[in-house]
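Trainee: I am new to this structure and should like to be guided through it. May we proceed by question and answer?

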Amino acid sequence: MSESFLDDQLLISRAQSGDKSALNALIRKHEVRAYQYAFRLTRNPEEAADVVADAFVRIYHAMHNFKGQSAFTTWMYRILTNCYLDIRKKEKNRTFTSLEAVLQTQDGEVERQIEDPAPSPYEDAERTVRESSVESAVSLLPEYQRAMIVMYHSESMTYEEIAAALDLPVGTVKSRLNRARISLRELLVRDEELFQI
């Protein structure tokens with residue numbers, strides 16, 4: 001077992017015994033990773049922060065139910081995904097802003113851009129357009145497909161970890177991930193020239 005896994009197990013055991021400092025240490029240890037995952041799902045800093053806050057509140061209340069049959073991070077991803085999906089269900093009755101909308105600043109409108117330290121401005125612009133196209137396409141996927149794409153391709157989770165996080169059989173994860181990739185490819189056909197090498 002990895003040292004990180006053992007560290008988590010120790011903190012979890014202490015937290016389940018009522019040690020709030022152990023729970024705080026566990027949250028501090030994983031809060032950046034949780035936020036990054038939530039942001040990849042939501043593409044919105046405030047909404048990602050809400051997802052993470054909700055998830056850690058749920059973790060606090062459910063800590064005594066954690067049996068250690070999977071890694072803490074797998075359990076955390078399941079809770080984050082559920083919080084994200086719950087927010088999406090609530091928002092279906094509300095109007096929402098497109099992820100492609102421009103940001104209003106004091107200096108006028110600014111297009112959303114991803115900062116990149118690449119040396120070539122041309123490569124940076126090309127990569128930004130390509131990523132924007134992929135992000136836009138991913139945002140159009142159904143929530144479960146979006147979560148699987150993000151878990152596998154952005155978080156580098158294995159099929160088994162995704163299956164544990166979403167409480168699905170591995171075969172179901174593979175087939176749903178394959179369908180998600182097909183759906184994503186169909187959405188990206190309009191920007192085909194961006195992905196040719």
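**Helices and their packing**

Trainee: How does the span expected for the 12 residues of H6 agree with its end C-alpha atoms?

Mentor: At 1.5 Å a residue, the 12 residues of H6 should span 16 Å, where the expected span is 1.5 Å times one less than the number of residues. The end C-alpha atoms of H6 agree with this, being apart by 15 Å.

Trainee: On what kind of model does this rest?

Mentor: This is a predicted model, in which local features need pLDDT of at least 70 and side-chain atom pairs count only at pLDDT 80 or more, while totals for chains, interfaces and linings use all residues. Residues are numbered from 1 along each chain as its sequence is written, and side-chain values use heavy atoms, with hydrogens and water left out.

Trainee: How many helices and strands are in the chain?

Mentor: Helices (H or I, at least four residues) and strands (E, at least two) are DSSP runs, numbered from the N terminus. From that terminus the elements run α-α-α-α-β-β-α-α-α-α. The chain thus holds eight helices and two strands.

Trainee: How are H6 and H8 oriented to each other?

Mentor: The axes (lines fitted to C-alpha atoms, for helices over the stretch in contact, with angles from 0 to 180 degrees between N-to-C directions) of H6, residues 143-154, and H8, residues 170-188, come within 9 Å and cross at roughly 100°. Angles of 65 to 115 degrees count as roughly perpendicular, under 35 as roughly parallel, over 145 as roughly antiparallel and the rest as oblique. That makes H6, relative to H8, roughly perpendicular.

Trainee: How do the residues of the contact of H6 with H8 divide?

Mentor: Contact means heavy atoms within 4.5 Å. The residues making this contact include Met-148 and Ile-149 of H6 and Leu-177 and Arg-181 of H8. With Ala, Val, Leu, Ile, Met, Phe, Trp, Tyr, Cys and Pro as nonpolar, Asp, Glu, Lys and Arg as charged, and the others, Gly among them, as polar, the residues divide into seven nonpolar, three polar and three charged.

Trainee: Which residue just after H6 takes a positive phi?

Mentor: The phi in question is about 55°. The residue that takes this value just after H6 is Ser-156.

Trainee: How are H2 and H4 placed relative to each other?

Mentor: H2 (residues 20-42) and H4 (residues 72-91) pack with their axes 10 Å apart, at an angle of about 40°. H2 and H4 are therefore, relative to each other, oblique.
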